[in-house]
Amino acid sequence: QASIYVVRGGEEVRIEVSSIVRGDLVVLGTGDVVPADLRLVEAFDIKVSEMALTGEPEDVAKTWKMRRQREGEPEKLTPENMVFSGCSVTSGKGKGIVVETGMHTRIGRIAQLIAGGDGGKAKTKCG
């Protein structure tokens, strides 16, 4: 998908995904691919496929509500109020504030790790 709806100047407008910046309010619906890492501010029965990030085959229900972490409870890899770049919206709708874009997203950081942490610039030596 090359474009997505965002709220700018109080109105929903369609923009190129490459034009999204931190702080944009992105409108999501069924079938959309999340264009950046977003913190949800509205969520209506929204589910996303996080298979690209976690390998989890089941769709994950999301909410705009913050959930306090209980003492001793491990931090979740993908918090319930966040949706991540590259994940598909499988049902529902919502809106989220862009918190990270490009190589600063979770999927971008994974790509950097796979490339060797420096974008693939370093040469690996054997022996």
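## Exercises around a buried lysine

With a relative accessibility of 6%, Lys62 counts as buried. The structure above is a predicted model, and the exercises below work through it step by step.

### Exercise 1: Placing Lys62

Task: Find where Lys62 sits, and list what its side chain reaches.

Solution:
- Step 1. Start with the chain position: Lys62 belongs to the loop between β5 (60-61) and β6.
- Step 2. Check the burial. Lys62 is buried because its relative accessibility of 6% falls under the 20% cut-off.
- Step 3. Look for backbone oxygens. The Lys62 side chain reaches that of Pro79 at 2.8 Å, and a polar atom of the same side chain lies 2.9 Å from the backbone oxygen of Met82.
- Step 4. Add the wider surroundings. Beyond four places in sequence, the contacts of Lys62 include Leu40, Ala43, Ile46 and Val48, and also Thr78, Glu80 and Val83.

### Exercise 2: The salt bridges

Task: Say how many salt bridges the whole structure has, and describe each one.

Solution:
- Step 1. Recall the principle: side chains of opposite charge can pair when their charged atoms come close.
- Step 2. Count them: the search of the whole structure turns up two.
- Step 3. Take Lys62 again. The side chain of Lys62 meets that of Glu50 in a salt bridge, at 2.7 Å from N to O.
- Step 4. Locate both ends. Glu50 lies in the loop between β4 and α1 (51-54) and Lys62 in the loop between β5 and β6, so this pair ties together parts that are 12 residues apart in sequence. Both Lys62 and Glu50 are buried.
- Step 5. Turn to the other pair. Arg8 and Asp24 form a salt bridge whose closest N and O atoms are 2.7 Å apart.
- Step 6. Locate these ends too. Arg8 is in strand β1 and Asp24 in the loop between β2 (11-16) and β3, so the pair ties together parts 16 residues apart in sequence.
- Step 7. Compare burial. Asp24 is buried, with a relative accessible area of 7%, whereas Arg8 is partly exposed, with 32%.

### Exercise 3: From Val83 to the core

Task: Work out which strand supplies the largest share of the largest nonpolar core.

Solution:
- Step 1. Begin at a contact of Lys62, namely Val83. Leaving out neighbours within four places in sequence, Val83 is also in contact with Leu28, Val34, Ala36, Asp37, Leu38, Leu40 and Val48.
- Step 2. Place Val83 in the core. The largest nonpolar core has 16 residues, and those touching the most other members are Ile20, Val26, Leu28, Leu38 and Val83.
- Step 3. Sort by strand: β1 (3-8), β3 (25-29), β4 and β7 each supply at least two residues of this core.
- Step 4. Read off the result: β4 gives the largest share, five residues.

### Exercise 4: Strand partners

Task: Trace how β1 pairs with β2 and with β3.

Solution:
- Step 1. Put the strands in context. The chain has two helices and seven strands, in the order β-β-β-β-α-β-β-β-α.
- Step 2. Pair β1 with β2: the two run antiparallel over six bridges, and Ile4 has Ile15 in β2 as its bridge partner.
- Step 3. Inspect the turn. The β1-β2 hairpin has two residues between its strands, and Gly9 in the turn has a positive phi of about 65°.
- Step 4. Pair β1 with β3: this pairing is also antiparallel, over three bridges. Here Tyr5 stands opposite Val27 in β3.
- Step 5. Follow β3 onward through Leu25, which is part of that strand. Leu25 and Gly96 are 71 residues apart in sequence, yet their C-alpha atoms are 5.5 Å apart.

### Exercise 5: Two residues to compare

Task: Decide for Asp45 and for Ser85: buried or exposed?

Solution:
- Step 1. Asp45 is in strand β4 (residues 37-49), and its relative accessibility of 71% makes Asp45 exposed.
- Step 2. Check the backbone: Asp45 has a positive phi of about 50° although it is not a glycine.
- Step 3. Ser85 is in the loop between β6 (82-83) and β7 (88-100). With a relative accessible area of 13%, Ser85 is buried.
- Step 4. See what surrounds Ser85. Beyond four places in sequence, Ser85 touches Val34, Pro35, Ala36, Asp37, Thr105 and Ile107.
- Step 5. Set this against the chain: buried residues make up 30% of its 127 residues.

Notes
Residues numbered from 1 in each chain as written. Predicted model: local features only at pLDDT ≥ 70, side-chain atom pairs only at ≥ 80, totals over all residues. Heavy atoms only, no water. Helix = DSSP H or I, 4+ residues; strand = E, 2+ residues; numbered from the N terminus. Buried < 20%, exposed > 50% of the residue type's maximum accessible area, 1.4 Å probe, protein only. Contact = heavy atoms within 4.5 Å. Polar contact = N/O pair within 3.5 Å; in protein donor to acceptor, adjacent residues only side chain to side chain. Core = buried A, V, L, I, M, F, W, Y, C linked by side-chain atoms within 4.5 Å. Salt bridge = Lys/Arg side-chain N within 4 Å of Asp/Glu carboxyl O. Pairing = 2+ DSSP bridges.
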